[in-house]
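Here's a walk through one protein chain, going from how its helices pack to a few residues that deserve a second look. Have the structure open and follow along.

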Amino acid sequence: MTFPTKSVVLTFHASPYNIPMPTACACFFSGWLAGIFLEYALHWIMHRFALGFHIGHHREFFHLPPRAVAVRTLDPRLDLLFFAAVLAVCSPLMLVWPWWAVTLVWAGALWHVVFVYEACHALMHHEAWLPKVLRESRAFRWWRGCHFEHHFHAPAANFSVTCPWLDILFRTYAPPRPSYAELPHPKLRPEGDGITV
Ligand SMILES: [Zn+2]
Ligand SMILES: [Zn+2]
């Protein structure tokens, strides 16, 4: 009976390209990290140039129930078009670096923006989708409060939805005020939402 050697264990067995697993993971997680910064930059650009779809989201926040706001933000078509364009623009890099490395970095960024960011943003707007123990945690209330501070009072601050520490880093952090950082805001307590103070 033979056992796989270390080098075999650390590679994609089915891959004809013999891609080293640690390098593949490093590429993907670098892309994920880049995606976190990209999220911040894109949100900043949306406000700097008053892009209509995002201004619409800010308007809806004041007029629609939280569930409708959350559902209407879950439209990945624009994200996917954007990332298709990014891949097209970055494709010449494949002449310099392995195609799979470029693709994995790109996939890491796409994973963050299309899945992680979109899910976090929707859950912030309709926290009833989360377990009670989580949505009532101090960490969640601060995290969601940062985005609500952005919506209610500070559209030129708190650009990072998923990682508010980036706003501290770039000096665009506006601390959420206690009225909705620590207690469920009335907007999040519509009839039948199941959320109690
Ligand atoms: Zn929002
Ligand atoms: Zn915004």
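Let's start with helix 5 (residues 77-90) and helix 6: their axes come within 11 Å and cross at roughly 160°. That angle is over 145°, so helix 5 counts as roughly antiparallel to helix 6. The crossing of helix 5 and helix 6 is right-handed. On the helix 5 side of the contact you'll find Asp79, Leu80, Phe83, Val86, Leu87 and Cys90, and they meet Val102, Trp106, Leu110, Val113 and Val114 in helix 6. Keep in mind that this is a predicted model.

**The overall picture**

Stepping back, the protein chain has 10 helices and zero strands. Reading along the sequence you get the pattern α-α-α-α-α-α-α-α-α-α. Of the chain's 197 residues, 20% count as buried. Among contacts with a separation of 6 or more, 64% are between residues 24 or more positions apart.

**Helix 2 against helix 6**

Helix 6 also packs with helix 2 (residues 21-48), and here the axes come within 7 Å and cross at roughly 45°. That makes helix 2 oblique to helix 6. The crossing of helix 2 and helix 6 is right-handed. Helix 2 brings a long list of residues to this contact, including Ala24, Cys27, Phe28, Gly31, Gly35 and Glu39, while the helix 6 side includes Ala101, Leu104, Val105, Gly108, His112 and Tyr117.

Here are the two helix pairs side by side:

| Helix pair | Axes come within | Crossing angle | Handedness |
|---|---|---|---|
| helix 5 and helix 6 | 11 Å | roughly 160° | right-handed |
| helix 2 and helix 6 | 7 Å | roughly 45° | right-handed |

How does the span of helix 2 agree with what 1.5 Å a residue should give? Its 28 residues should span 40 Å, and the end C-alpha atoms are 40 Å apart, so the two agree. The buried residues of helix 2 are Cys27, Gly31, Gly35, Glu39 and Tyr40. Helix 6 and helix 9 are included in what covers them.

Leu33 sits in helix 2 too, but it is only partly exposed rather than buried, because 15 other C-beta atoms lie within 10 Å and the buried class needs 20 or more. Leu33 and His112 are 79 residues apart in sequence, yet their C-alpha atoms are 8.2 Å apart in space. Just past this stretch, helix 2 is followed by Ala50, whose phi is positive, near 45°.

**The nonpolar core**

Which residues make up the largest nonpolar core? There are 12 in all: Cys27, Ala101, Val102, Leu104, Val105, Trp106, Ala109, Leu110, Val113, Tyr117, Met124 and Val161. Helix 6 (residues 99-125) supplies the largest share of this core, with 10 residues. In soluble globular proteins, nonpolar side chains tend to be buried together.

Cys27 ties several of these threads together. This residue is one of the buried residues of helix 2, and it belongs to the core as well. Leaving out residues up to four places away in sequence, Cys27 touches Ala101, Leu104 and Val105.

**Helix 3, out in the open**

Helix 3 (residues 52-63) has 12 residues and reaches 16 Å from its first C-alpha to its last, close to the 16 Å expected. The number of buried residues in helix 3 is zero, so this helix lies largely in the open. Phe53 is part of helix 3, and it counts as exposed because it has 10 C-beta neighbours inside 10 Å. The C-alpha atoms of Phe53 and Thr73 are separated by 9.7 Å, with the two residues 20 apart along the chain.

**Two loop residues with positive phi**

Most residues other than glycine have a negative phi. Asn158 has a positive one, near 55°. You'll find Asn158 in the loop between helix 8 (138-152) and helix 9 (165-169). Is Asn158 buried or exposed? With 25 C-beta neighbours inside 10 Å, Asn158 counts as buried.

Arg171 has a positive phi as well, near 60°. Its place is in the loop between helix 9 and helix 10 (178-181). Arg171 has 7 C-beta neighbours inside 10 Å, so it counts as exposed.

Technical notes:
Residues numbered from 1 in each chain as written. Chains lettered and ligands numbered in written order. Predicted model: local features only at pLDDT ≥ 70, side-chain atom pairs only at ≥ 80, totals over all residues. Helix = DSSP H or I, 4+ residues; strand = E, 2+ residues; numbered from the N terminus. Expected span 1.5 Å × (residues − 1). Contact = placed C-beta atoms within 7 Å. Core = buried A, V, L, I, M, F, W, Y, C linked by C-beta atoms within 7 Å. Axes fitted to C-alpha atoms, helices over the stretch in contact; angles between N-to-C directions. Parallel < 35°, antiparallel > 145°, perpendicular 65-115°, else oblique. Left-handed = near helix turned anticlockwise from the far one by under 90°.
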